[in-house]
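Work through the exercises below with the sequence and the model at hand. Try each task before reading its solution.

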Amino acid sequence: MNIFGIGIDTVSFIRIEKIFKKFKYKFAQRILSINEFKELIKKKNKIAFLSNRFAVKEATVKAFGTGIRHGICFNQIELIHNELGKPEINLLKLSLQLFIHNNLKSIHVSLSNEKLYTCAIVIIEK
């Protein structure tokens, strides 16, 4: 296995809650894909949902080494779960093009929640 990049991020639920209270769904639309936004509407715990996604997306752009620039946006990165509940990343638009352009093979993601925080780590293989 050759590692292209590793990213990690920790997010405070309180921080996301403050942002969500201030900007409401505008914040959610900025960071979520269309599918994630539809899922958010149905969720009771919107703050945990948003926090998990924010941490995963931040860890992903760190692993790419790009950050949020060159047209890469958080809403181009989806956090999904397979049939066993394992978190996975689905890339869209320019983030997918970046993955293909660099001949990358796979993305691994792990997510952990504590009472007030969520932590995500992403490893991209070449």
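**Exercise 1. Find what covers the buried residues of helix H3, and which residues these are.**

Solution. This is a predicted model.
- Step 1: list the buried residues of H3. They are Glu36, Phe37 and Leu40.
- Step 2: check how they are arranged. Their arc around the axis is only 100°, so they sit on the same side of H3.
- Step 3: look at the other side of H3. Ile34, Lys38 and Lys42 are exposed there.
- Step 4: identify the cover. It includes H2, H4 and E2.

**Exercise 2. Decide whether Glu36 is buried or exposed, then list what its side chain pairs with.**

Solution.
- Step 1: place the residue. Glu36 belongs to helix H3, residues 34-42.
- Step 2: apply the cut-off. Buried means under 20% relative accessible area. Glu36 has 1% relative accessibility, so it counts as buried.
- Step 3: find the side-chain partner. The side chains of Glu36 and Lys57 form a polar contact of 2.6 Å.
- Step 4: find the backbone partner. A polar atom of the Glu36 side chain lies 2.8 Å from the backbone nitrogen of Leu79.
- Step 5: add the surroundings. Leaving out residues up to four places away in sequence, Glu36 touches Ile31, Phe49, Arg53, Lys57, Ile77, Glu78 and Leu79.

**Exercise 3. Describe the largest nonpolar core: how many residues does it have, and which have the most contacts inside it?**

Solution.
- Step 1: count. The core has 33 residues.
- Step 2: pick out the centres of contact. Leu32 and Leu50 have the most contacts inside this core.
- Step 3: trace the contributors. H1, H2, H3, H4, E2 (77-81), E3 (87-91) and E5 each supply at least two of its residues. H4 gives the largest share, 11 residues.
- Step 4: inspect Leu32. Beyond four places in sequence, Leu32 touches Phe37, Leu40, Phe49, Leu50, Arg53, Lys57 and Asn75.

**Exercise 4. Work out the two faces and the two ends of helix H1.**

Solution.
- Step 1: find the buried face. In H1, residues 13-23, Phe13, Ile16 and Phe20 are buried. They span an arc of only 65° around the axis, so they share the same side of H1.
- Step 2: name the packing partners. The buried residues of H1 pack against E1 (3-12), H2 (25-31), H4 (46-64), E4 (106-113) and E5 (117-125).
- Step 3: turn to the face pointing away from the buried side. It carries exposed Lys18, Lys21 and Lys22.
- Step 4: check the N-terminal end. Ser12 caps it, with a side-chain oxygen 3.2 Å from the backbone nitrogen of Ile14.
- Step 5: check what follows H1. Lys24 comes next, with a positive phi near 55°.

Conventions:
Residues numbered from 1 in each chain as written. Predicted model: local features only at pLDDT ≥ 70, side-chain atom pairs only at ≥ 80, totals over all residues. Heavy atoms only, no water. Buried < 20%, exposed > 50% of the residue type's maximum accessible area, 1.4 Å probe, protein only. Helix = DSSP H or I, 4+ residues; strand = E, 2+ residues; numbered from the N terminus. Arc of directions from axis to C-beta. Contact = heavy atoms within 4.5 Å. Polar contact = N/O pair within 3.5 Å; in protein donor to acceptor, adjacent residues only side chain to side chain. Core = buried A, V, L, I, M, F, W, Y, C linked by side-chain atoms within 4.5 Å.
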